[in-house]
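Grab a pencil and work through these exercises with the structure open beside you. Try each task before you read its solution.

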Amino acid sequence: MDLENGDWPIFGWTADVRMALFSCLEAGRSAVLGTIVALEGGAPQPIGTQMIFDGTKATGYFSGGCIEADVGNHAQRVFADGKPRKLIYGKGSPWIDLRLTCGGSLTVFLEWIDPSDDAVKSLREGYERRRAVRWSSNGFERSAHILEAGEEAEPIAGESYSKIFLPRWRLAVAGDSPIALALIALAGQCGLEAILLRNSYAASPMPIAEGRCISGDAGASLKELGPDRWTAIIAASHDDEQDDAVTRMALASDAFYVGVLGSSRRAASRKQRLEALGLSADECARVVSPVGLSNCGRSAWEVAVSVIAQILQIRGSVIAKIA
């Protein structure tokens, strides 16, 4: 397969391939979905990592360049006959000319998906409702079961693999400072749904393609957003009254990360104000302030890098508990 984005593999910047799958099928085109279903030894990506091939371009990556082109060629054959394929690379592979530099073995399962596939429609519904979805497939038929709290779904008969799709992780930032804007831009580039909550209304559109802006009272906007356990919230207005209001609302939610931009000195006085407003010591202890990893610099981008790294680190701990 001669991929139009093969020379410059920015397709590997995308980890969550769901939107690429939805866009392809909604345009009336079939797609080939590739999934890592087995690993042995070291590998850049874990089991469950996926790629989408739409016939001309790819989205996602498996190995950082070792096997993507070959997987694309096999995907072309799946387009031609509709039959699923299981590809083994590294140890036990029939292709001795394709080496995995990290050693070990990697198995990719390829399957053809029609635009009318009901499982993809259910997956899209779960994505829009921000619900976890159990996806399973045997290569010819798939199921996507939207999970409610505490629910487990039965696999389909003869499944070749299954995985849980979590809701898209998101970051809501209340404020409009250079650091707030840098947080939104970097969060979007890292795959988070990035939402700026801005009290004032701007005369021009937000100049950040990776995020969106909600104007009006930030507290009310946050409440309407409905923060869930997949949401990180940062109060970044530098206005104590507004930051306190946003922080109180964030603490009343299931957000996995609640942070406030500011110095250690301001953090101490904020804790006193929140406790005076009736928040418990445990609630106040949830607040990350100052936000970000230490000693990373003070420019807008340096602060943003330190904060997003911290959020991703905490997200990793949340995922580990779920798994």
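A residue counts as buried when its relative accessible area is under 20%, as exposed when that area is over 50%, and as partly exposed in between. Keep in mind that you're looking at a predicted model.

**Exercise 1. Find Arg 130 and decide: is it buried or exposed?**

Step 1: Go to the loop between helix 3 (118–129) and strand 6, where Arg 130 lies.
Step 2: Take its relative accessibility, 13%. Because buried means under 20%, Arg 130 counts as buried.
Step 3: Look at the backbone too. Phi of Arg 130 is near 55°, a positive value in a residue other than glycine.

**Exercise 2. Sort His 238, Arg 266 and Pro 178 by exposure, and say where each one sits.**

Step 1: His 238 belongs to the loop between strand 12 and helix 6 (240–251). Its relative accessible area is 42%, so His 238 is partly exposed. Like Arg 130, His 238 has a positive phi without being a glycine, here near 65°.
Step 2: Arg 266 is part of helix 7 (residues 264–276). Its relative accessibility is 18%, so Arg 266 is buried. Leaving aside residues up to four places away in sequence, Arg 266 touches His 238 and Asp 240.
Step 3: Pro 178 is in helix 4 (residues 178–189). With a relative accessible area of 59%, Pro 178 is exposed. Now follow the chain: Ser 299 is 121 residues away from Pro 178 in sequence, yet their C-alpha atoms are separated by 9.1 Å.

**Exercise 3. Why is strand 6 largely enclosed by the rest of the structure, and which strands does it pair with?**

Step 1: Check the burial of strand 6 (residues 133–137). Since 5 of its 5 residues are buried, the strand is largely enclosed by the rest of the structure.
Step 2: See which way the residues point. Val 133, Trp 135 and Ser 137 go one way, while Arg 134 and Ser 136 go the other.
Step 3: Find one partner. Strand 7 (residues 142–146) runs antiparallel to strand 6 and is joined to it by 5 bridges, with Arg 134 opposite His 145. The two strands form a hairpin with 4 residues between them, and Gly 139 in the turn has a positive phi of about 100°.
Step 4: Find another partner. Strand 8 (residues 161–165) also pairs with strand 6 in the antiparallel sense, over 5 bridges. Here Trp 135 stands opposite Lys 163.

**Exercise 4. What lines the largest cavity?**

Step 1: Count what there is. A search of the whole structure turns up 1 cavity of 30 Å³ or more, and the largest cavity holds about 40 Å³ of space.
Step 2: List the lining: Val 17, Arg 18, Leu 21, Leu 33, Gln 50, Leu 123, Trp 135 and Phe 165. You've met Trp 135 already, in strand 6.
Step 3: Sort the lining by type. You should get 6 nonpolar, 1 polar and 1 charged.

**Exercise 5. Work out the strand order of the two open sheets, one antiparallel and one parallel.**

Step 1: Start with the antiparallel sheet. Its 5 strands have the order 3-2-1-5-4. Strand 3 (58–59) and strand 4 (85–90) each have a single partner strand, so one side of each is left without a neighbour in the sheet.
Step 2: Add the helix. Helix 1 (residues 18–26) packs on this sheet, touching strand 1, strand 2 (50–53), strand 3 and strand 5, and its direction makes about 155° with that of strand 1.
Step 3: Zoom in on one pair. Strand 1 (residues 31–40) and strand 5 (residues 105–113) are antiparallel and joined by 9 bridges, one residue pair being Glu 40 and Ser 105.
Step 4: Turn to the parallel sheet. It has 6 strands in the order 11-10-9-12-13-14. Strand 11 (211–215) and strand 14 (287–288) are its edge strands.
Step 5: Finish with its helix. Helix 9 (residues 300–322) lies across strand 9 (170–174), strand 12 (231–235), strand 13 (257–260) and strand 14, at about 160° to strand 13.

Definitions and conventions: Residues are numbered from 1 along each chain as its sequence is written. This is a predicted model: local features need pLDDT of at least 70, side-chain atom pairs count only at pLDDT 80 or more; totals for chains, interfaces and linings use all residues. Side-chain values use heavy atoms; hydrogens and water are left out. Two strands pair if DSSP finds at least two bridges between them. Contact means heavy atoms within 4.5 Å. Axes are lines fitted to C-alpha atoms, for helices over the stretch in contact, and angles run from 0 to 180 degrees between N-to-C directions. Buried means under 20% relative accessible area, exposed over 50%, partly exposed in between (1.4 Å probe, protein chains only). On a 1 Å grid over the protein atoms alone, a cavity is a set of points where a 1.4 Å probe fits but cannot get out, and a pocket is an open set with protein on both sides within 12 Å along at least five of seven lines; lining residues have an atom within 4 Å of a point. Grid points are joined across faces, edges and corners, and a volume is the space filled by probe spheres set on the points. Ala, Val, Leu, Ile, Met, Phe, Trp, Tyr, Cys and Pro count as nonpolar, Asp, Glu, Lys and Arg as charged, and the others, Gly among them, as polar.
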